[in-house]
Amino acid sequence: MGVGTRGGVGRYRERMGAIGTDEEGGAEGGLSGGVCAGGSDRGAAIAEAVRSVWGYESLRPLQSESIEAALEGRDALTVLPTGGGKSLCYQVPPLVTGRVTVVVSPLIALMHDQVRALELNGYAAAALNSAVAFEEAREIERKLVEGELNLVLAAPERIMTGGFRALLGRLQDAGRLGALAIDEAHCISQWGHDFRPEYRQLGGLREVVPGAAMHAFTATATPRVRRDIVEQLGLREPRVLVGEFDRPNLTYRVRSRQGRGEQQVLSAVKRMESRGEGGGAIVYCLSRADTERLAERLREEGLDARAYHAGLEAGKRRTIEDRFANERLDVVVATVAFGMGIDRSNVRLVVHATMPKSVEAYQQESGRAGRDGLDAECLLLFGSSDYMRWRQLLERSAAESGSSVEALEAQLGLLEQMQRLAASFVCRHKQLSEHFGQNYESSSCGACDVCLQETAAEPQSRRLCQVLLSAVARTGQRFGATHIVDVVRGSRAEHVMSRGHDQLRVHGMLSSRSKGEVLSMLDQLVAVGALEVLGEYRSLRFGRLGKEVMTGEREVQLAVPMGTRSDRKERSRARGGGSVGGRPLSDEERALFDGLKRVRKALAEETGVPPYMVFSDATLREIARTKPVSRTRLLEVKGVGSRKLELFGEAVLAAVAEHAGDAGGDADGGAEGEGSAVAG
Ligand SMILES: [Zn+2]
């Protein structure tokens with residue numbers, strides 16, 4: 001709590017006072033980004049706030065448009081992918097207008113983290129939720145009305161209570177209410193993947209404070225969901241800002257799962273560790289039992305991995321969350337219950353050991369990798385049983401919650417989209433961008449299994465599909481994948497011979513293919529709907545497209561895995577430059593980087609916050625490269641604002657100086673010579 005709860009409200013309000021009031025009436029005017037008279041002043045005030053509080057020299061794409069819309073008092077919908085900096089869009093305006101932004105946020109853990117991170121930057125914010133005691137809540141309300149807070153976060157169910165509506169009224173009467181920001185706005189739509197009934201009530205906010213502008217934010221929304229958000233919230237002629245969905249720093253890999261995928265997960269984690277850059281890994285599984293089993297398997301291999309799911313008692317869950325956030329634990333094997341509140345920015349690997357339930361969920365979950373903007377990997381393993389497992393789960397939960405048939409069908413539709421994405425042989429960056437309604441121009445991303453040619457198009461797809469479908473048909477659509485594999489590979493095992501399956505024309509037709517290859521082809525046939533998996537024996541039978549594929553009316557392009565390549569090498573070739581986040585650190589810089597990480601850990605413990613809140617890995621890398629020798633120089637590093645300079649600057653500068661002394665050999669003058677050891 002202790003760190004600077006009084007922010008720079010006064011300072012910015014003073015500077016921008018005139019603009020804040022003048023603009024109110026003229027919202028309809030300069031919409032199309034046209035800068036009005038006060039525009040450049042306003043731009044300067046935004047830049048000043050961002051530099052001094054967050055230590056950023058510039059805003060990311062669409063952030064300034066979103067902030068401008070807020071300052072114009074205009075409704076807006078801002079869609080920025082995870083890591084795109086959407087929270088900054090609602091955090092900056094109060095610093096310029098001096099009025100409060102009320103943020104609706106779905107998770108208490110998320111609010112708490114955000115408040116702590118803001119306080120660490122000297123920004124005055126608070127959260128109102130069921131975890132806040134009555135007296136404390138009263139105090140927060142007083143501060144809000146009296147102008148001591150810039151921002152307040154509240155849960156959706158709280159917003160519509162009588163007490164909160166009264167507070168909104170008081171803020172409005174006092175001229176203190178700036179805007180309402182609805183975070184994770186896709187939760188309002190049943191076409192979204194994360195529908196929350198309590199969000200539906202938010203449409204009523206409009207009547208409570210008709211004068212306030214409303215800003216919806218989400219990291220994931222298809223065009224349909226976007227329309228739904230605008231309609232449900234009753235946004236008035238909103239400015240709709242949709243950011244780039246593509247995350248170029250993420251390398252996507254999609255693989256057919258071998259067995260339970262344990263070996264594949266293990267080698268992905270080891271690959272991450274071998275880079276020696278540290279960072280965390282999240283492995284998503286579908287069931288609690290899956291998480292326990294896989295975590296255990298990883299521990300047998302010497303990794304410190306922990307299972308996490310909603311069945312663990314709250315205290316244990318909290319411990320794992322804290323250890324992961326504080327970088328005392330790097331590998332968590334979890335159900336989707338893990339992640340909403342996890343803001344660790346140096347997650348370097350996200351694995352899906354089972355296909356997720358929608359492309360939206362995939363984008364959100366995989367998007368937890370590389371939030372610091374540095375390279376990270378997303379590995380998706382899928383198998384033929386995934387679709388049915390999800391289908392059963394979705395049907396069961398629909399029955400339990402009594403949700404409508406349309407809602408269930410919408411969910412199943414999303415599941416099918418995910419399955420098609422996994423099975424298709426098209427650049428993953430392109431597929432994800434297009435799913436969210438955006439073009440992806442580049443012919444090769446250099447950062448996915450397809451473009452890295454780790455997955456190749458199978459030239460004999462047509463014949464292979466026909467052989468496999470024929471094998472399923474001729475064995476009576478009653479056997480599981482392993483049996484089909486044995487038949488086409490020409491096995492003479494008892495279970496094949498006794499049924500006369502060695503007499504079939506397809507027997508032995510794929511004898512040159514490995515078991516894994518054939519299983520992967522069957523998975524792909526299931527994924528495109530040519531086959532489906534049935535019952536507890538997981539027998540294969542024709543799916544809705546089975547006949548068309550068999551007769552050759554419809555072509556399915558099968559993919560074959562070619563092994564994992566070094567993405568960095570490939571990527572720099574594809575992009576004509578180093579990997580995202582700059583060239584890799586030299587050995588000497590890495591030594592300083594490691595030293596800085598130790599300093600960060602100590603500072604985090606002292607301050608009682610997770611390390612990523614002190615400085616991100618990206619900030620530490622920049623410090624390791626530029627080796628600032630003065631406070632002024634340190635302030636130039638992205639991610640170092642004035643408050644953090646005050647709190648942590650000394651310790652960081654000392655570490656840099658000490659390193660220069662070690663690296664320079666002769667201690668004298670070592671600290672003076674900035675970049676004494678700048679290696680090429
Ligand atoms: Zn690609």
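Visitor: Over how many bridges do β10 and strand β11 pair in the parallel sense?

Guide: In this predicted model, strand β11 covers residues 331-334. Its pairing with β10 runs in the parallel sense, and the number of bridges is 4.

Visitor: Which residue in β11 is the bridge partner of Ala-307?

Guide: Ala-307 falls within β10, which spans 305-308. Its bridge partner lies in β11 and is Val-333.

Visitor: Which strands stand at the edges of the open sheet, each with a single partner strand?

Guide: The open sheet is formed by 6 strands with parallel pairing, in the order β8-β13-β12-β9-β11-β10. Each edge strand has a single partner, so one side of it is left without a neighbour in the sheet. Those strands are β8 (250-256) and β10 (305-308).

Visitor: By what angle are neighbouring strands of this sheet turned against each other on average?

Guide: The figure ignores the direction of the strands and is an average over neighbours in the sheet. The angle is 15°.

Visitor: How many of the residues of helix α27 are buried?

Guide: Helix α27 comprises residues 617-626 and is mostly covered. Among its buried residues are Asp-617, Leu-620, Arg-621 and Ala-624. Of the 10 residues in the helix, the number buried is 8.

Visitor: Which residue just after α27 takes a positive phi?

Guide: The helix α27 ends at residue 626. Just after it comes a residue with a phi of about 45°, namely Lys-627.

Visitor: What percentage of the residues of the chain count as buried?

Guide: The chain holds 29 helices and 17 strands. It has 680 residues, and the share that counts as buried is 48%.

Technical notes
Residues numbered from 1 in each chain as written. Predicted model: local features only at pLDDT ≥ 70, side-chain atom pairs only at ≥ 80, totals over all residues. Helix = DSSP H or I, 4+ residues; strand = E, 2+ residues; numbered from the N terminus. Buried ≥ 20, exposed ≤ 12 C-beta atoms within 10 Å, placed from the backbone. Pairing = 2+ DSSP bridges. Axes fitted to C-alpha atoms, helices over the stretch in contact; angles between N-to-C directions.
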